[in-house]
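Please find below my comments on the model, set out point by point. They are meant to be read with the structure open.

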Amino acid sequence: MFQIDVVEQCKQNNRKAQVKLYRQYCDGMYCVAMRFVKNADDAEDVLQESFIKAFQKIEQFKGEVTFGAWLKRIVVNKSIDFLKKKQEKLVALDESYMHIVEDEDWSIAPEYTFNDVRKAIDQLPENYKYVVMMFLIEGYDHIEISEVLNITHSTCRTRLLRGKGYLKEILKGKDYGTGS
């Protein structure tokens, strides 16, 4: 059975097809949720809510992207929503006055491992963390990030640039024993 056939069966509320899609995508989407929420129980909750929403809204899936990409966007949004609810205070930054300088160089010294970078991303301020995670780890572009986070393209680029600067500082601090 082709994936599009399974999706079409899900649109007709076929439970077996829903189970098949769930089994096909649950592990990968769980990993996506874990990268954001950092807690197994919370990731499972986000995953469940994401699949519920996906099956409720499956009529909106038009096949313009793969089902996995469509579902991943739901998981990322649900993860961010979960973290926003969990956070008691959010400090709004007005970044509209900042001048954006394009810098596409994301290279880091070869002695840093993926885990080093991952831990450094976790230390970023919330406004930068999500943008950097979505760009570097999830592979979203500026347009997709700005749509998911409901921010302007300019704000997205600014946060990504500043997040990258913070990330490099965190990694540099690690070299001198001042980082974690």
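The points below take up two helices, one serine, the cysteines and a pocket.

1. Status of the model. The coordinates are a predicted model, and every remark here should be read on that footing.

2. Length of α4. The 20 residues of α4 should span 28 Å at 1.5 Å a residue, and the end C-alpha atoms of α4 are indeed 28 Å apart. Expected and computed spans therefore agree for this helix.

3. Buried residues of α4. The buried set comprises Phe67, Gly68, Trp70, Leu71, Lys72, Ile74, Val75, Val76, Ser79, Ile80 and Leu83. Note that a lysine, Lys72, is among them. In an α-helix there are 3.6 residues a turn, so residues three or four places apart point the same way.

4. Packing around α4. Which helices do the buried residues of α4 pack against? The partners are α1 (3–11), α2 (15–37), α3 (40–56), α6 (126–137) and α7 (142–149).

5. Ser79. This serine belongs to helix α4. Is Ser79 buried or exposed? Its relative accessibility is 0%, and buried means under 20%, so Ser79 counts as buried. Leaving aside residues up to four places away in sequence, Ser79 touches Ala33, Phe36, Val37 and Val46.

6. Helix α6. From its first C-alpha to its last, α6 reaches 16 Å with twelve residues, close to the 16 Å expected at 1.5 Å a residue. The helix is mostly covered, with nine of its twelve residues buried. Those nine are Asn127, Tyr128, Lys129, Tyr130, Val131, Val132, Met133, Met134 and Phe135. Just after α6, Gly139 adopts a positive phi of about 80°.

7. Cysteines. How many disulfides does the model contain? The count is zero, where a disulfide would need a pair of cysteine sulfur atoms within 2.5 Å. Cys10 is buried, at a relative accessible area of 3%, and Cys156 is also buried, at 0%.

8. The largest pocket. Its volume is about 290 Å³. The lining of the largest pocket consists of 14 residues, and Val65, Ala69, Trp70, Arg73 and Glu144 lie nearest the centre. By class, the lining holds five nonpolar, three polar and six charged residues. Which helix gives the most to this lining? Helix α4 (residues 67–86) does, with four residues. Trp70 appears in two of these points: Trp70 is one of the buried residues of α4, and Trp70 is also one of the residues nearest the pocket centre.

Conventions:
Residues numbered from 1 in each chain as written. Predicted model: local features only at pLDDT ≥ 70, side-chain atom pairs only at ≥ 80, totals over all residues. Heavy atoms only, no water. 1 Å grid on protein atoms, 1.4 Å probe; cavity = no way out; pocket = protein on both sides within 12 Å on 5 of 7 lines; lining within 4 Å. Points joined across faces, edges and corners; volume = space filled by probe spheres on them. Helix = DSSP H or I, 4+ residues; strand = E, 2+ residues; numbered from the N terminus. Nonpolar A, V, L, I, M, F, W, Y, C, P; charged D, E, K, R; others polar. Buried < 20%, exposed > 50% of the residue type's maximum accessible area, 1.4 Å probe, protein only. Expected span 1.5 Å × (residues − 1). Contact = heavy atoms within 4.5 Å.
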